[in-house]
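Dear colleague,

I am handing over the structure we spoke about, and below it you will find what turned up when I went through it.

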Amino acid sequence: MLGNFKRIMAAITGSLLLAACQVIPGAEAPRPDAGGPVIDQPTAPDSAVLPEDEDRHRVALLVPMSGSNAEVGQSIANATTMALLDTGAQNLRITTYDTNAGAGAAASRAISDGNRLILGPLQRDNVGAVLEQARPRDIPLITFSNDTTVARSDVFVMGHIPEQSVVRSVNFAFDQGASRFAILAPRGDYGNRTTAAAEQAILARGGTVVNVQRYDRGNTSIISAADRLTTAGGFDTVLIADNARLAAMAAPRLKDAGDALPSIIGTELWSRQDSLLSAGAMRGAWFAAVPDDRYRQFASSYESRFGEQPFRIATLGYDAVLLTLRLTRDWEPGTDLPAGLLTTDGGFLGLDGPIRFQTNGLGERAMEVRQVGNGAFTVVDPAPTGF
């Protein structure tokens, strides 16, 4: 399996033509079977830890390596190690910095150590503190957050943006004949974002938003909200902007299993949620997400190296390394990243499919549409292969 995975990644990275690798932190080369990179947290720049590199780009990985999100941070860090090993990236030195004790302090240390690009942070609340340190030095951020509000000309959002999933699903539903929509969404930030995206997409296609029901995330709240939609009626399609468990609870209140209408559409939260496959009322539902084929092979290779399954978000760490390698074609070691390299029209291809950054920092992704079936998900509208 690992050999197959490497051949696949060789096709993805194409003409990178790089050899060997070195992963920092730690004063020694990576050990693939040792459970991931060694994490170094020195208190001051130390040339013994970070030797002068005339031929390598210094790139900082800012993720939580302790605290409540440590497992997620470690999964991303492990994925960056895999990417370096699989591509043989001789011209990169990636140093991991723990943001749990303070994202601003981690960024300050990373900059003092000579890093010219920051991969991270993971959490949107940390972006401001990191940017405060990075902007005066013209160091861009590629954040793993999916929050569009943190995007800037020097903050590039790499996470899977839920608004893009919603728009893709809405447009697919229109192509199948939908025109009158109801929205079922939780109160809070995620519900606000997905509701606004759906309303804009529906109006842009000349459709009608018949009803919007919001609810607190609780077992009875979504059921009551779904009952209110059914009582009011007048729609042919319902967006359920929530996770698979709650969507499966609401669906039987909207339609009986086997009924063609109303159509049900969802969001990227449904990806890889096999519990949907046993929910009769969810049969035929559609949702959009990034392509999943390469992830399955990545997860198998990850488990063979680290003894456990990765968090789904770990692919962002892998793809961030692929993107950085692409940048090095036109970026000299020891210099600032040239303006415009991150916003090329063609974007780049990673495990999660094509992505390109807009000048406002938003990452545009190509998403596929899947249908919930009886025991399996089916891709009913493949993702574009490029931009």
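Please keep in mind that this is a predicted model. I begin with phenylalanine 306, which counts as buried because its relative accessibility is 14%, below the 20% cut-off. Tyrosine 302 is buried as well, at 0% relative accessibility. These two residues are four apart in helix α9, and so about one helical turn separates them. Their ring centres lie 4.7 Å apart with the planes at 55 degrees, which makes the pair tilted.

Both belong to one aromatic cluster, formed by Tyr295, Phe298, Tyr302, Phe306 and Tyr318. Within the model the count of aromatic pairs comes to nine, and one of them joins phenylalanine 298 and tyrosine 318, whose ring centres are 5.8 Å apart and whose planes stand at 80 degrees, so that this pair is edge-to-face. It links distant parts of the chain, since phenylalanine 298 sits in helix α9 (residues 293–306) and tyrosine 318 in helix α10 (residues 314–327), 20 residues apart. Phenylalanine 298 is buried, at a relative accessible area of 0%, and tyrosine 318 is buried at 0% too. As for tyrosine 295, arginine 312 lies over the face of its ring, 4.2 Å from the ring centre.

The other element to look at is helix α8 (residues 244–254), where the buried residues are Ala244, Leu246, Ala247, Ala250, Ala251 and Leu254. Viewed down the axis of α8, they fall within an arc of 145 degrees, and therefore line one face of the helix. The N-terminal end of α8 is capped by asparagine 243, which has a side-chain oxygen 3.2 Å from the backbone nitrogen of arginine 245.

With best regards

Definitions and conventions
Residues numbered from 1 in each chain as written. Predicted model: local features only at pLDDT ≥ 70, side-chain atom pairs only at ≥ 80, totals over all residues. Heavy atoms only, no water. Buried < 20%, exposed > 50% of the residue type's maximum accessible area, 1.4 Å probe, protein only. Arc of directions from axis to C-beta. Polar contact = N/O pair within 3.5 Å; in protein donor to acceptor, adjacent residues only side chain to side chain. Phe/Tyr/Trp six-rings, centres within 6.5 Å; stacked < 30°, edge-to-face > 60°. Lys NZ or Arg CZ within 6 Å of the ring centre and 35° of its normal.
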